[in-house]
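Here are some exercises to work through with the model open in your viewer. Try each task before you read its solution.

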Number of protein chains: 2
Amino acid sequence: MDGVLVDIYPVFFKLHEEETGERLTLSDIEGKLEAEAFINQRRWVNTPGFFRNLPVMKDSRKVLGRLNDKFEIIVGSLATEFPECMTDKQMWIQENFPFISWKQIVFCGDKNLIKADIMIDDHFKNLDGFEGITLLFTQPHNTLVKDTRHVRVNDWPEIEKLLLKQ
Amino acid sequence: MDGVLVDIYPVFFKLHEEETGERLTLSDIEGKLEAEAFINQRRWVNTPGFFRNLPVMKDSRKVLGRLNDKFEIIVGSLATEFPECMTDKQMWIQENFPFISWKQIVFCGDKNLIKADIMIDDHFKNLDGFEGITLLFTQPHNTLVKDTRHVRVNDWPEIEKLLLKQ
């Protein structure tokens, strides 16, 4: 979800500036995991309500809708680490991706427990152990890694091109 | 969880009597799914707080703890159908099965999305499509089915005997 369906970085930048007065730039945080880049990040994501109203990643609704017509889509989220937030996360999916039913949602603590053929994710910790095809969704924390065994995608139209227009 | 780790039927019997004045017996509800047997069941399980304080199935803590030392245990629950209840369910697991970490918990809408070798469940809808070894945990709704392709287990000591004492 975060960093793939949820456009989470603009929210982190804004909250960080509000709470610390410091305006971070992309170059300040590139290559750092979210919790390293934003000192209060773990508190934010543990706050009930945080996940309820977050911006949708550009083009994700349109492209995921098209993918959902052709593939068996599962929306998976590492959510059991933040047990207060699962209801918010599911409500957010239902509101913003109404074509995804509750049967297609998995909240877990380890994405490698999910049976699937293709994984789209922004984190190496999720992609590296996955046996199927892996698409690395570009986010500031992963941009500095140039060579990976994953296919890098920079936005949802690139995913559409790869998976639907070949 | 329900009907395997959670001893849910005594709760259903009690709530049903409190709300309707009718004292059901086992023979009234045998062979019926929970929502058929107890007319208010869907309301109960959709009520925030319901899953927070439920009785633990006899011997499950002890046996699951022993299994957890030998197997990679995942606690999976069909929970996304009731999005208000996931936090309660996870708190209940953490309280009653403290050896199960958040990394071992999966909340989903379809248990066949979980990668595993053995499934212990009380519902045919979960077991029938599973490719690995399937243990059918006896609960009132499944007792009338005599021949199944699953191994029936009547309690947790039987599971221990099957999986740990061979």
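**Exercise 1. Work out the strand order and the edges of the three-stranded sheet in chain B.**

Step 1. The strands of this open sheet follow the order β3-β4-β5 (chain B), and their pairing is parallel. Strands here are DSSP runs of E with at least two residues, helices are runs of H or I with at least four, and both are numbered from the N terminus. Two strands pair if DSSP finds at least two bridges between them.

Step 2. Look at the edges: β3 (118-121) and β5 (151-153) of chain B each have a single partner strand, so one side of each is left without a neighbour in the sheet.

Step 3. From one strand to the next, the twist averages 25°. Angles run from 0 to 180 degrees between N-to-C directions, and axes are lines fitted to C-alpha atoms, for helices over the stretch in contact.

Step 4. For the register, β3(B) is joined in the parallel sense to strand β4 (residues 133-137) of chain B by 4 bridges. Ile118(B) has Ile133(B) of β4(B) opposite.

Before you go on, a word on the source: this is a predicted model, where local features need pLDDT of at least 70 and side-chain atom pairs count only at pLDDT 80 or more, while totals for chains, interfaces and linings use all residues. Residues are numbered from 1 along each chain as its sequence is written, chains are lettered from A and ligands numbered from 1 in the order in which they are written, and side-chain values use heavy atoms, with hydrogens and water left out.

**Exercise 2. Describe the surroundings of Val153(A).**

Step 1. Place the residue: Val153(A) belongs to strand β5 (residues 151-153) of chain A.

Step 2. Check its accessibility. With a relative accessible area of 1%, Val153(A) is buried (buried means under 20% relative accessible area, exposed over 50%, partly exposed in between, with a 1.4 Å probe and protein chains only).

Step 3. List its contacts (heavy atoms within 4.5 Å). Leaving aside neighbours within four places in sequence, Val153(A) touches residues including Leu135(A), Phe137(A), Ile159(A) and Leu162(A).

Step 4. Asp122(A) is 31 residues from Val153(A) in sequence, and their C-alpha atoms are 9.5 Å apart in space.

**Exercise 3. Trace the sheet that includes strands of both chains.**

Step 1. This open sheet has 4 strands in the order β1(A)-β2(A)-β2(B)-β1(B), with mixed pairing. At its edges are β1 (75-78) of chain A and β1 (75-78) of chain B, each pairing on one side only. Neighbouring strands are turned by 15° against each other on average, direction ignored.

Step 2. Helix α6 (residues 86-96) of chain B packs on the sheet and touches β2 (105-108) of chain A together with β1 and β2 of chain B. The helix direction makes about 155° with that of β2(B).

Step 3. In chain A, 4 bridges pair β1(A) with β2(A) in the parallel sense, and Leu78(A) has Cys108(A) as its bridge partner in β2(A). Between these strands the chain passes through helix α6 (residues 86-96) of chain A, in a right-handed β-α-β crossover. Right-handed means that, with the strands pointing away from the viewer, the path from the first strand over the helix to the second runs clockwise.

Step 4. Now the side chains. In a regular strand they alternate between the two faces of the sheet. Val75(A) and Ser77(A) point one way from β1(A), Gly76(A) and Leu78(A) point the other way, and all are buried.

**Exercise 4. How are chains A and B related?**

Step 1. A turn of 180° and a shift of 0.0 Å along the axis lay chain B on chain A with an RMSD of 0.0 Å (least-squares superposition on the C-alpha atoms of residues with pLDDT of at least 70 in both). The two copies are therefore related as by a two-fold rotation axis.

Step 2. Of the interface residues of chain B, 100% are also interface residues in chain A, so the copies meet through the same surface.

**Exercise 5. Classify the ring pair of Tyr9(B) and Phe13(B).**

Step 1. Over all chains, the whole structure has 24 aromatic pairs. Rings of Phe, Tyr and Trp (its six-membered ring) pair if their centres lie within 6.5 Å; planes under 30 degrees apart count as stacked, over 60 as edge-to-face and the rest as tilted.

Step 2. The ring centres of Tyr9(B) and Phe13(B) are 6.5 Å apart and the planes are at 50°, so this pair is tilted.

Step 3. Both residues, Tyr9(B) and Phe13(B), lie in helix α1 (residues 9-20) of chain B, 4 residues apart, about one turn of the helix. Both Tyr9(B) and Phe13(B) are buried.
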